[in-house]
Amino acid sequence: MIVSHGWAAQSAVVPLAPFNFFRRELKEQDVLVEVQFCGVCHSDIHSVRDEWNNAVYPMVPGHEIIGRVSEVGKGVRRFKAGDLVGVGVIIDSCRSCASCRAGEEQYCEVGATLTYGVKDRYGDLTQGGYANNIVAPEHFVHSISPKLDPAGVAPLLCAGITTYSPLRHWNAGPNKKVGVVGLGGLGHMALKFAHAFGAHVVQFTTSESKVADAKRLGADEVVISKDAAAMKKQASSFDFIVDTVSAPHDVNPYLEALKRDATYCQVGLPDKPPVIFPGHLIFKRRSWSGSIIGGMAETQEMLDFCAEKGITADVEVIPIQRINEAFERVVKADVKYRFVIDMASLVKG
Ligand code: NAP
Ligand code: ZN
Ligand code: ZN
């Protein structure tokens, strides 16, 4: 067994605290990664606090992982010790269903194995990247360009691919008006990507204090979503809107902002369902949709695109000892725009 040192939640109501545990010995296709940085996703908070009613404890969260390969299994071909790599939200899937064969492992029909909080194919509870190391099959490990700041790359493994994938799927690009709802970890990556793809981008935010940042990050327009008159002005004008909001909110004004046949894509996953007026869909044949991360090939494509264009997340790097305070600040929408844990701060004991 491989010894791991991390920080875990023991229940939904206690803070994260140091926790030692074991990971499996490397199988033929496995890669052992020494974690350098791990992003703090709002999903970590939903999961730790059991807001989705599926938590299993002890839980070491973290699925925006960057580190160096320290050892590889006998059958590993793509990586060797010393390589800079990333691990994201899933670390396994069946590899044979129609979705897996299509390179959409995140939609695996048997169920993809999440990086933490589920039983893997060996019956072990998976544990995430708020730890000094992680084991993953090479198919779920990505190559990271040394050109980019590794702390800023970590959030690409979830916030990056979760926004890149739907923007590509629904063809955000030149001559398209694209909306981004919520300027947090996912939102600021959606904004950077939609801008990089050449779309006209409108950022919706509840935070007046974020307007200048939204413009700096690539927004052509910024709309304060609490301003009903400003929202009305956007009626029937969008080709695509991506909603990254973590808390329950009224989506109806955004549906009205879509053109005929346009799509509203939910990536934010609040703990309560929204109420939708079906007329907003019916009268303009609009679609309300959703998307989860991206496939493994698409994740590598996104990482390579970021290396080429110099795109990383805007991050506030913290030691692991500040993780509970960071959770509180994320919930208050007070992060610019992603916390990333520097794993060198971890005290092994
Ligand atoms: P985050 O950094 O906390 O950002 C969420 C943003 O939503 C906030 O910055 C804020 O933006 C806005 N917001 C928060 N509370 C709000 C409220 N009550 N009403 C309206 N707006 C509010 O979170 P994140 O890490 O980006 O994650 C966002 C959501 O995506 C979470 O639910 C997470 O679980 C989910 N997620 C889904 C996937 C997927 O694959 N589909 C992947 C990762 C995460 P403003 O200040 O600009 O209003
Ligand atoms: Zn995430
Ligand atoms: Zn599958």
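Student: Which side chain has an N or O atom 2.7 Å from an oxygen atom of ligand 1?

Tutor: That's His42. Before we go on, keep in mind that this is a predicted model. To read a polar contact, look for a pair of N or O atoms within 3.5 Å. The pair formed by His42 and ligand 1 fits that cut-off, at 2.7 Å.

Student: What about the backbone, which residues offer polar atoms to ligand 1 there?

Tutor: Two cases to look at. A polar backbone atom of Leu183 sits 2.7 Å from an oxygen atom of the ligand. On the nitrogen side, a nitrogen atom of ligand 1 is 3.0 Å from a polar backbone atom of Val267. As for how covered the ligand is, it would expose 910 Å² taken alone, and the protein buries 89% of that.

Student: How many residues surround ligand 1, and what classes are they?

Tutor: The shell has 29 residues, and the closest are His42, Thr205, Thr206, Ser207 and Arg338. Sorted by class, you get 13 nonpolar, 14 polar and 2 charged residues.

Student: Where in the fold do those shell residues come from?

Tutor: Try domains, then helices. Domain 1 (2-156 + 314-345) and domain 2 (160-290) each contribute at least three residues to the shell. Among the helices, H1 (42-48) and H5 (185-196) each supply at least two. H1 gives the most, with 3 residues.

Student: Now the metal: which atoms coordinate the zinc ion (ligand 2)?

Tutor: For a metal site, list the donor atoms and their distances. Here they are SG of Cys41, NE2 of His63 and SG of Cys158, at 2.0 to 2.2 Å. Along the chain, these donors follow the spacing C-x21-H-x94-C. Take the first two in that pattern: Cys41 is in the loop between strand E3 (30-39) and H1, while His63 is in the loop between H1 and strand E4 (65-72). They are 22 residues apart, and the pair links distant parts of the chain.

Student: Are Cys41 and His63 buried or exposed?

Tutor: Use the cut-off: buried means under 20% relative accessible area. Cys41 has 2%, so it is buried. His63 counts as buried too, because its relative accessibility is 5%.

Student: Can we try that on Met343; where is it, and is it buried or exposed?

Tutor: Sure. Met343 lies in the segment after strand E17 (338-342). Its relative accessibility is 5%, so Met343 counts as buried.

Student: And how far apart are Met343 and Pro248 in sequence and in space?

Tutor: Read the two separations side by side. In sequence, Met343 and Pro248 are 95 residues apart; in space, they are 32 Å apart, C-alpha to C-alpha.

How values were computed
Residues are numbered from 1 along each chain as its sequence is written. Chains are lettered from A and ligands numbered from 1 in the order in which they are written. This is a predicted model: local features need pLDDT of at least 70, side-chain atom pairs count only at pLDDT 80 or more; totals for chains, interfaces and linings use all residues. Side-chain values use heavy atoms; hydrogens and water are left out. A residue is near a molecule or strand if one of its heavy atoms lies within 4 Å of it. A polar contact is a pair of N or O atoms within 3.5 Å; within protein, one must be able to donate a hydrogen and the other to accept it, and residues adjacent in sequence count only if both atoms are side-chain atoms. Accessible areas come from the Shrake-Rupley method with a 1.4 Å probe; for residues, only the protein chains shown count as cover. Helices (H or I, at least four residues) and strands (E, at least two) are DSSP runs, numbered from the N terminus. Ala, Val, Leu, Ile, Met, Phe, Trp, Tyr, Cys and Pro count as nonpolar, Asp, Glu, Lys and Arg as charged, and the others, Gly among them, as polar. Domain bounds come from an automatic or database domain assignment. Donors are N, O and S atoms within 2.8 Å of the metal (3.2 Å for Na, K and Ca); water is not among the atoms, so sites may look incomplete. Buried means under 20% relative accessible area, exposed over 50%, partly exposed in between (1.4 Å probe, protein chains only).
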